[in-house]
Every structure is written in structure tokens, then in C-alpha cells.
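Me: I'm new to reading protein structures and would like a close look at one part of this one. Could you take me through it step by step?

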Amino acid sequence: MLKLVSSSSKSKSSSVKSYSFPIRFPPLHNLLEHSDPHSVRVQPKVLYSCRHFINSAKTEFLDHNRNGFFSSGFPKIPSKIKELCWAGISFWRPPSLVGTIRSFSGESVCRDSLNYDVVIVGAGPAGLSAAIRLKQLCKEKDVDLSVCVVEKGAEVGAHILSGNVFEPRALNELLPKWKQEEAPIHVPVSSDKFWLLSKTRAFSLPSPFNNRGNYVISLSQLVRWLGQKAEELGVEIYPGFAASEILYDTNDKVIGIATNDMGVAKNGSKKDNFQPGVELKGRMTLLAEGCRGSLSEKIIKKYNLREKGQGQHQTYALGLKEVWEISADKHDAGAVLHTIGWPLDHKTYGGSFLYHMKDRQVAIGLVVALNYHNPFLSPYEEFQKFKQHPAIRPLLEGGTILEYGARTLNEGGYQSLPYPVFPGGAIIGCSAGFLNVPKIKGSHTAMKSGMLAAESVFGTLHEDSPLEAFWSSLRNSWVWKELHAARNYRPAFEYGLFPGLALSAIEHYVMKGNSPWTLKHGKPDHEATEEARLWTPIDYPKPDGAVSFDITTSLYRSNTNHDHDQPAHLRLRDTKVPELVNLPAYAGPESRYCPARVYEYIADESGRLKLQINAQNCLHCKACDIKDPKQNIEWTVPEGGGGPGYTVM
Ligand SMILES: Cc1cc2nc3c(=O)[nH]c(=O)nc-3n(C[C@H](O)[C@H](O)[C@H](O)COP(=O)(O)OP(=O)(O)OC[C@H]3O[C@@H](n4cnc5c(N)ncnc54)[C@H](O)[C@@H]3O)c2cc1C
Ligand code: SF4
């Protein structure tokens with residue numbers, strides 16, 4: 001028996017994804033690196049070839065069993081293909097496997113097509129909860145629906161970055177026996193502090209977070225566990241595959257997604273390892289891409305979902321995070337601290353978090369709202385500065401950083417929710433924006449939105465009820481109540497730090513979320529950036545190499561990696577805008593807001609500054625897609641398997 005275990009080239013932990021074959025694959029065997037007698041680790045690209053083969057087998061199996069008894073889980077490989085594989089012939093595909101023929105550099109390319117009942121994009125809390133709930137309903141009602149999840153990270157959890165203080169409400173509903181089933185949730189919150197920082201002092205304020213009953217966790221690890229649970233129920237998960245295209249039928253209804261081609265060179269030509277993308281067709285498609293999902297944003301625009309939901313524009317923040325291992329005498333498992341104020345100026349909304357995890361680990365981070373005005377501000381440098389505060393630095397001194405990363409989060413809340421249903425599917429989790437800002441929590445609401453969507457999808461596929469039921473079930477759920485009660489906190493800070501604190505205290509302690517008004521958000525984040533002439537450059541301190549570090553050093557800790565020779569996944573809508581607008585008017589803000597120094601202005605031979613894009617450093621945080629003053633940068637998915645390799649984030 002051969003077990004293929006997906007793993008990224010750099011990540012330390014093996015993935016939950018495994019395929020078991022009752023046969024050996026002589027052609028693949030040479031490419032695999034043995035780690036134990038029963039399992040082998042495979043580079044994502046090698047795995048792609050295996051999956052390509054497996055997909056063909058699965059389609060054949062599905063085609064044969066579509067109207068019969070198909071029960072999800074890995075199907076038996078048809079004997080004909082087995083034989084061919086033994087013989088070392090790549091594989092034989094019956095004509096029914098052919099999806100579409102496309103033209104690629106003037107050549108015809110055939111793209112395989114796989115049919116599922118439900119296709120889910122993104123193996124985060126939202127996508128996996130939806131997948132699990134669907135399979136639970138199938139079991140309860142003795143119905144069989146095939147469900148697959150595509151994930152662009154090399155493994156499930158590799159792209160998940162969160163705080164995370166976890167509220168287990170949705171998990172209690174989804175998998176009530178999570179404790180017995182050894183979910184990686186071990187550290188209950190033991191204390192909950194809230195400080196207002198000045199440059200040298202910390203003032204204690206009453207904590208509005210109410211974290212009793214919550215847990216300090218790594219969301220990346222919880223998501224890996226959710227992936228295992230989903231697979232045990234028969235969900236098929238494809239890590240290392242990026243959904244790059246939405247598929248429509250002739251009536252403009254969504255009928256699935258296509259993954260991007262692999263093995264395409266920077267100049268667009270085919271490389272030796274070229275593999276065409278795969279079409280994953282679903283009777284229903286759920287988009288669970290997280291904050292600023294690239295396909296979700298397209299769908300929101302195409303179907304005018306924000307207007308339909310009467311939502312305002314979405315607002316965002318960028319979160320930067322490190323996980324440290326500190327000395328045992330300073331560690332206090334379950335201790336939770338949030339701060340506001342320094343180092344951010346009073347007009348910039350944001351704050352820090354510091355959570356003591358298990359095993360002497362501490363999660364520390366800074367969240368900076370992306371509607372900041374000063375183009376010279378660098379969220380990365382603000383984070384490095386924050387760690388120098390006299391109330392923070394002693395905790396980290398002598399410790400070791402394990403990981404670094406960054407990710408945006410939604411802050412629009414209730415006011416910015418789009419109508420989440422579109423013809424053929426729905427948007428769930430942070431792709432829609434269900435994060436509760438004053439709590440800084442979105443995992444529980446993402447999970448619940450996925451579960452509710454799953455119930456509506458099941459109703460549509462099994463009982464012919466309309467998918468629009470998702471919208472009404474959301475409005476009747478605790479997610480809606482939470483977001484409604486929290487709606488005025490974030491916009492209150494449009495007036496600055498102290499008015500914001502006063503207004504939000506009134507909301508929290510006096511009105512308790514029942515005020516008769518709803519405050520509006522200010523300008524969209526990209527419009528909030530002001531011209532450089534109105535500001536003076538910020539002189540950030542040099543990193544000390546003890547608690548603060550340069551970006552290159554930090555990037556190494558993110559495990560991020562992309563094949564250099566692939567088409568640019570960061571696209572400039574107009575290549576002239578950086579030199580003609582961003583640099584002269586805004587002093588090139590992309591070189592500062594990007595937490596991975598992907599954007600650099602470098603002098604050419606004539607001394608003229610030109611934008612250089614180091615796309616291989618990208619952390620998939622999506623800040624550039626949001627903050628570019630002219631909305632000139634489009635973030636698209638790179639080859640599947642590229643990007644960060646988080647393990648404890
Ligand atoms: C700094 C920070 C601190 C936070 N702190 C907390 C906290 O303490 N508590 C809390 O509850 N919440 C917290 N959150 C919010 C929480 O992380 C999110 O609400 C939650 O992760 C959203 O889940 P999701 O499934 O919607 O999206 P995500 O967790 O973002 O997952 C989306 C998944 O989809 C994949 N994907 C995206 N696009 C594609 C594509 N096209 N093809 C294939 N795969 C794709 C991604 O790689 C990812 O794995 C925090 C967030 C941040 C950034
Ligand atoms: S290039 Fe964009 S998405 Fe990538 S790390 Fe920089 S800001 Fe984030």
C-alpha cells in the first residue's frame with residue numbers, strides 16, 4: 001500500500017491530505033522521497049501529476065456511478081488504468097473525461113473537467129465548515145452528495161493567519177465532541193487585559209472583549225484538524241490548487257471554477273512540466289476565499305451583490321503577526337492582552353494583540369486599518385516599533401521567533417455585507433465579510449456562515465428549495481445579531497482615537513448595541529491615502545536584530561515561496577501609473593504598505609526610479625489589491641502551492 005502525503009517543500013509538518021493506493025506507481029516512485037516505509041513526501045508539482053491521474057480515475061468512476069450508489073470518499077481506481085500505470089504508461093483517458101479545448105499560445109490544450117455536487121473554493125474555517133455540514137446532512141438524510149474543496153496553499157492551513165482567540169460557539173454546534181476528538185484547542189483564556197499605550201507607558205482600561213470561555217489557539221492548526229474531519233466524512237480536498245477562473249453557463253449562472261495552468265513560464269510559454277488547469281464543475285459553488293477573495297470580488301461586482309445587500313463599500317485592516325517562543329518564567333498560558341494607541345497616531349485605527357499559546361509560544365501582532373492617511377506610514381515598521389515598547393520588549397528579549405506573516409481582515413461588518421447569494425452559489429466567511437470588528441474575531445462567524453450556507457445548499461439540491469434561504473437564515477442567526485450589535489464601533493473611530501473610545505464605550509456599556517442609529521464608514525481605504533506633500537516622511541528606527549528585524553529576515557520566517565518563472569500574479573492595470581502617479585503624488589506607498597517588500601522603486605541606468613515587483617515574496621495578504629491609491633494593482637492567484645507556509649499562525 002502506497003500513501004502519498006502532500007507537503008510543501010518548506011513546511012515542517014505534513015499535511016492531512018493523503019491518498020492510499022492498493023498499488024504502487026513505478027513511474028512516480030523515482031520522484032518520491034521516502035520518509036517512512038508506508039508514506040512518502042511529494043513536492044506539490046509531483047503531486048499534481050498524481051492528482052491529474054487520480055482526477056481522471058475519479059471522473060471515470062463518477063461517470064459510471066452518477067445515477068447510482070456513489071458514496072463519497074476515494075473511489076477505487078479502475079483496473080484498466082491500474083494496468084496502464086503498472087506498465088509505466090502515463091494514463092489512458094476515455095473521451096468522456098475531456099472537458100474543454102482551449103487555445104494556448106496558438107496550440108490546442110485540453111482541460112479536464114470533473115463534476116461534483118458542490119465545489120468549495122478555500123479550505124479555511126468557512127469552507128471546511130460548509131463541507132463538513134453538507135456531509136453531516138447527507139448522513140442524516142441518507143443522501144449522497146459529492147463535495148470537493150480546492151485550496152491554493154501547498155497544504156491545508158498553510159495560508160491561514162489569524163490571532164487567534166477562538167470563540168467555540170460555531171464549533172460546539174458543528175462538532176460538539178471536539179474535545180474528545182482531540183481538536184487542537186487546549187489553552188483556555190486565563191486573563192484578559194486591555195491597555196492604552198503612550199510612547200513610554202501603558203494605562204490599563206476595562207477590557208471590552210469578554211473572552212471568558214474562549215481559547216488561545218493557532219487557527220492554522222485548527223483548520224488542519226477541520227480538514228481531517230472533512231475528509232473522514234468523505235469530502236475531497238485538493239490542496240495546492242488555485243481557483244483562477246469562474247465558469248458560467250450560457251445564462252450567466254455559475255457552474256464551477258477552473259484551476260490555473262501549472263508549468264507556464266513568465267513569458268507565457270509552456271514549460272516541460274506544463275499541466276493544463278482542471279475544471280471543477282458543481283451544481284452549487286461556494287466561495288470561501290477569506291478576506292478580499294479574488295473570485296469573490298469579481299462575483300460581488302458582476303451581480304451587484306453589495307448594492308443588492310444594501311451594503312456600503314468594504315473597509316479593511318492589515319494584520320502583521322509573529323509567533324515567538326519565550327522563556328518559561330515569562331510565559332503565562334492563556335493570558336490575553338490587547339493594546340491601542342502608540343505607535344499608531346491618533347487618526348489611525350488599530351491596535352496590537354499578544355496571546356500566550358501553549359508550549360511557551362506567544363502570538364504577537366499589530367493590526368493597522370488601511371484607511372490611514374499618511375502615505376509614509378509603514379505597517380511593518382510600526383509593528384517593529386511596537387515591540388520596542390518598555391511594557392512589551394522585556395517579554396520578548398531572549399526569545400526566538402518561529403514564524404512571521406501578514407494578512408488583511410475585513411472591518412466593514414454589518415454595514416458592508418453584500419447579498420451573499422448569486423446564481424449557482426454563495427459567498428461565505430470573510431469573503432463576504434462576517435468578521436466582528438470590536439471582538440477582532442471572525443473564525444466563529446465564518447464557520448457559522450459556512451454551516452448555514454451548507455444547509456441552504458443541501459435544501460436546494462435535495463429538496464428543491466431556493467438558495468435564497470441562506471440570506472434569511474443568516475438574518476435569523478446569531479451571526480446577524482452579533483454584527484448588528486457591533487456595527488457602530490468601527491465607524492466611531494473615524495473621529496479619532498479618543499472620540500472613538502468614548503463613542504464605543506457608550507455603545508458597549510450604555511446602549512449595549514441597541515442604539516437607534518447606524519454610523520457610516522468613511523472613504524474607501526484606497527481613497528483615504530493623502531498626497532505626500534501634505535505629510536513629512538517618517539523616520540523609523542533601524543532594526544536591532546533582537547526584537548525587531550528587517551523584512552528580508554522576517555520573510556524567511558514566513559516560508560513563502562513561488563516559482564520565479566511563472567506569469568506575474570500581481571498585475572498592473574496600467575503599467576505607467578506607478579511612475580506617473582504613485583511615485584510623484586504619494587511617494588510610492590506600495591513600497592511601504594506591502595509587508596513583504598514585493599514593490600521596490602529601483603533606479604535604472606539613467607537614474608530614473610522604476611517599480612520592480614518581486615512577486616515571489618508575496619504573502620497573499622491582499623493589501624496591495626485594497627490600498628493602491630488608483631486601484632491599479634490586481635491580485636490574482638499564482639500557481640497553486642505557492643505562497644506562505646504557515647504552521648503555527
Ligand atoms: C491578524 C488577524 C488576527 C485575527 N484574530 C482573530 C481572532 O483572534 N479570533 C478570530 O476568531 N478571528 C480572528 N481573525 C479573523 C479570522 O482569521 C478570519 O475571520 C477567518 O480566518 C476567516 O475564515 P475564512 O474561512 O472566511 O477565510 P480564511 O481563513 O482566509 O481562509 C480562506 C482559505 O481560502 C484559500 N483561498 C483563497 N482564495 C483561493 C482560491 N482562489 N483558490 C483556492 N484557495 C483559495 C486561502 O488560501 C485560505 O486557506 C483574525 C484575522 C487576522 C488577519
Ligand atoms: S504583494 Fe500584495 S498581497 Fe503580496 S504581500 Fe505584498 S501587499 Fe500582500
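How many disulfides does the structure hold? And after that, which residues of helix α18 are buried, and what do they pack against?

Reply: Happy to help! Keep in mind that this is a predicted model. The count of disulfides is 0. Take cysteine 291 as an example: the closest cysteine sulfur belongs to cysteine 430 and lies 6.3 Å from its own sulfur, which is too far for a bond, because a disulfide needs the two sulfur atoms within 2.5 Å. Cysteine 291 is also buried, with a relative accessible area of 3%.

Now for the helix. α18 covers residues 577-586, and its buried residues are Val577, Pro578, Asn582, Ala585 and Tyr586. Looking down the axis of α18, you would find these buried residues within an arc of 130 degrees, so they line one face of the helix. On the other side of α18, Leu580 and Pro584 are exposed. The buried residues pack against two strands that come later, β27 (599-603) and β28 (609-613), as well as β26 (570-572) and α19 (590-593). Right after α18 comes alanine 587, which has a positive phi, near 55 degrees.

A little further along is cysteine 594, which is buried at a relative accessible area of 8%. Cys594 is also among the residues that come nearest to ligand 2, together with Cys618, Cys621, Lys622 and Cys624, out of 14 residues around that ligand. That shell is made up of 12 nonpolar residues, 1 polar and 1 charged.

Notes
Residues numbered from 1 in each chain as written. Chains lettered and ligands numbered in written order. Predicted model: local features only at pLDDT ≥ 70, side-chain atom pairs only at ≥ 80, totals over all residues. Heavy atoms only, no water. Near = heavy atom within 4 Å. Nonpolar A, V, L, I, M, F, W, Y, C, P; charged D, E, K, R; others polar. Buried < 20%, exposed > 50% of the residue type's maximum accessible area, 1.4 Å probe, protein only. Helix = DSSP H or I, 4+ residues; strand = E, 2+ residues; numbered from the N terminus. Arc of directions from axis to C-beta. Contact = heavy atoms within 4.5 Å.
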